[in-house]
Amino acid sequence: MLTIVGGGLAGCEAAWQAVSRGVPVTLYEMRPVRPTAVHKTDRLAELVCSNSFRGDKLDNAVGVLKEEMRRLGSLVMRAAEASRVPAGAALAVDRERFAQTITDALASHPLVTIVREEIAAIPESTDRAPVIVATGPLTSDALSADLARLVGQKHLYFYDAISPIVLAESIDRSKVFRASRWDRSQRGEGRASSAPTPTGPPTPTGPACGVDDGEGDYLNCPMTRDEYERFYDALVHAESATVHDFDKEKFFEGCLPIEVMAHRGADTLRFGPMKPVGLVDPRTGRQAYAIVQLRQDNLDGDQYSLVGFQTQIKWGDQARVLQLIPGLEHAEFVRFGMVHRNTYVNGPDVLTETWQVRARPSLFFAGQMSGVEGYVESAASGLLAGINAAALANGEAPSAAPRTTAIGALAYYVSHANPAHYEPSNITFGIMPALANPPRDKMRRKLALAERALADLEAWMAGAEVVRP
């Protein structure tokens, strides 16, 4: 029997991996008995920030991680494919259908028991009855206090911000254009082929894109220099929402609020979420001074999110500032952006490569509270925690994935980074071991890393020992 606390991406993936290995699971989720500040439904695996799982090609690390998860039988990847919406080179989902797919899969499984109640303290655990804590970045105060007691130190934390969503019918289509950056899309480009090559893993097909996000089937709102400067001036003078402990705020660099970026310099946004490169306005034949991209947020196509526009601006000011964007002058907001506090432990002090707690090996942490950043990374940590907790429950030894794989490199980073300066990380090629004889060409080097990762994953799955320089 396995107990899992938390019904987010990591907890759901861990549950699926365990029951797939014949281990019964009791999954605790406090919603709707105890709501959170950002969740809107009682569904498992509800996405509260972006609906994007980022790049889906083998020339970027998160694309490799996704392919590894698919090969490991990931429920999250299966649900994402079933609820996919147009997003070019990225994998984005209809968030409601995605959550419903996962909820239905677990609720209907005979080995899964879902209990709707808050867990205020870490349950007791043994080798044959392990526990996985995957309560996410919004871990309740009571459980956070118990976690702090267990690990013997205060949690680290950072503030996370989410983007606004607008009604599609309120967008002025006469002022926007649909395009993919560099005219690239996901359709047949750079994904792994469905069949292995004679030498082993699948290889990428078609032209590949080395960008994780920000491309695809987007609506683009072009700005002139004057329009950008008016927007920028309004943004930097907008009133921010109050955040507790604001004097010690620490935002994750990959999810900075737009106003925080704006205060770093007048052109910061133009080199970030508002970069115009690769997008030519068909009405003018020129590249705009700045661009705001809108990504389809559901399968019906009646809602769009503002790409990279996480914000903590007060809602009244949000509407005023965002309606300065061409095409959004009369935008109706389904959801305004907001800030919430993310809680996580210092992984190198607390965890092993198998996601076990060093001081209590029958206990596992997974998800964002374990010290990873991102939807895919959270689910990946749950996947390995579920595999290893199931092994423990079945009387077998847990196993660390090869560090040469993306999923193994992430586990190694979380358990071996410098604890004095630790902060959550997305998966990157930079945390994977370098190739012994790397190609000089950057794209070929990335694809070689991907090929090695998938070959080593297959060997690990088959039970073979992987030894690489």
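These are my notebook entries on a few places I looked up in this structure.

**Before starting.** I kept in mind that this is a predicted model.

**Entry 1: a small sheet.** I began with three strands that form an open sheet, and I noted their order as 3-5-4 with antiparallel pairing. Strand 3 (52–55) and strand 4 (84–85) stand at the edges with a single partner strand each, so each has one side without a neighbour in the sheet. I then looked at how strand 3 meets strand 5 (residues 90–93), and found antiparallel pairing over two bridges. Across from G55 I found A90, which belongs to strand 5.

**Entry 2: helix 2.** Is helix 2 (residues 61–71) largely enclosed or not enclosed by the rest of the structure? I found that ten of its eleven residues are buried, so helix 2 is largely enclosed by the rest of the structure. I wrote down some of the buried ones, including A61, V62, G63, V64 and L65. Charged side chains are on the list too, among them K66, E67, E68 and R71. Just after helix 2 I met G73, which has a positive phi, near 75°.

**Entry 3: salt bridges.** How many salt bridges does a search of the whole structure find? The search gives 16, and I picked three to follow up.

My first pick was R84 with D56, where the closest N and O atoms are 3.2 Å apart. R84 sits in strand 4, while D56 sits in the loop between strand 3 and helix 2, so this pair ties together parts that are 28 residues apart in sequence. I also checked how covered the two partners are. D56 is buried, because its relative accessible area is 1%, under the 20% cut-off. R84 has 21% relative accessibility, so I put it down as partly exposed.

My second pick was E329 with K175, whose side chains meet at 2.9 Å, N to O. This pair links distant parts of the chain, 154 residues apart. E329 is in the loop between helix 8 (315–322) and strand 16 (333–335), and K175 is in the loop between strand 9 (165–167) and strand 10 (177–179). I noted both partners as partly exposed: E329 has a relative accessible area of 26%, and K175 has 35%.

My third pick was D317 with R320, a salt bridge of 3.6 Å, N to O. Both residues lie in helix 8, three residues apart, which is about one turn of the helix. R320 is partly exposed at 42% relative accessible area. I then looked for salt bridges that share partners, and found one network that joins D56, E67, R70, R71, E81, R84 and E458. My first pair, R84 and D56, is in that network.

**Entry 4: a negative patch.** Which residues gather in a patch of negative charge on the surface? I listed E96, E169, D300, D302 and E332. I looked up E96 and placed it in helix 4 (residues 95–107). E96 counts as exposed, because its relative accessibility is 51% and the cut-off for exposed is over 50%.

**Entry 5: A45.** I finished with A45, in the loop between strand 2 (25–28) and strand 3. Is A45 buried or exposed? At 0% relative accessibility, A45 counts as buried. I also compared A45 with A10: they are 35 residues apart in sequence, and their C-alpha atoms are 8.3 Å apart in space.

How values were computed
Residues numbered from 1 in each chain as written. Predicted model: local features only at pLDDT ≥ 70, side-chain atom pairs only at ≥ 80, totals over all residues. Heavy atoms only, no water. Patch = residues over 30% accessible without salt bridge, like charges linked within 9 Å, V, L, I, M, F, W, Y side chains within 5 Å. Areas by Shrake-Rupley, 256 points an atom, 1.4 Å probe, with all protein chains shown as cover. Salt bridge = Lys/Arg side-chain N within 4 Å of Asp/Glu carboxyl O. Lys, Arg positive; Asp, Glu negative; His and termini not counted. Charge placed at Lys NZ, Arg CZ, Asp CG, Glu CD. Helix = DSSP H or I, 4+ residues; strand = E, 2+ residues; numbered from the N terminus. Buried < 20%, exposed > 50% of the residue type's maximum accessible area, 1.4 Å probe, protein only. Pairing = 2+ DSSP bridges.
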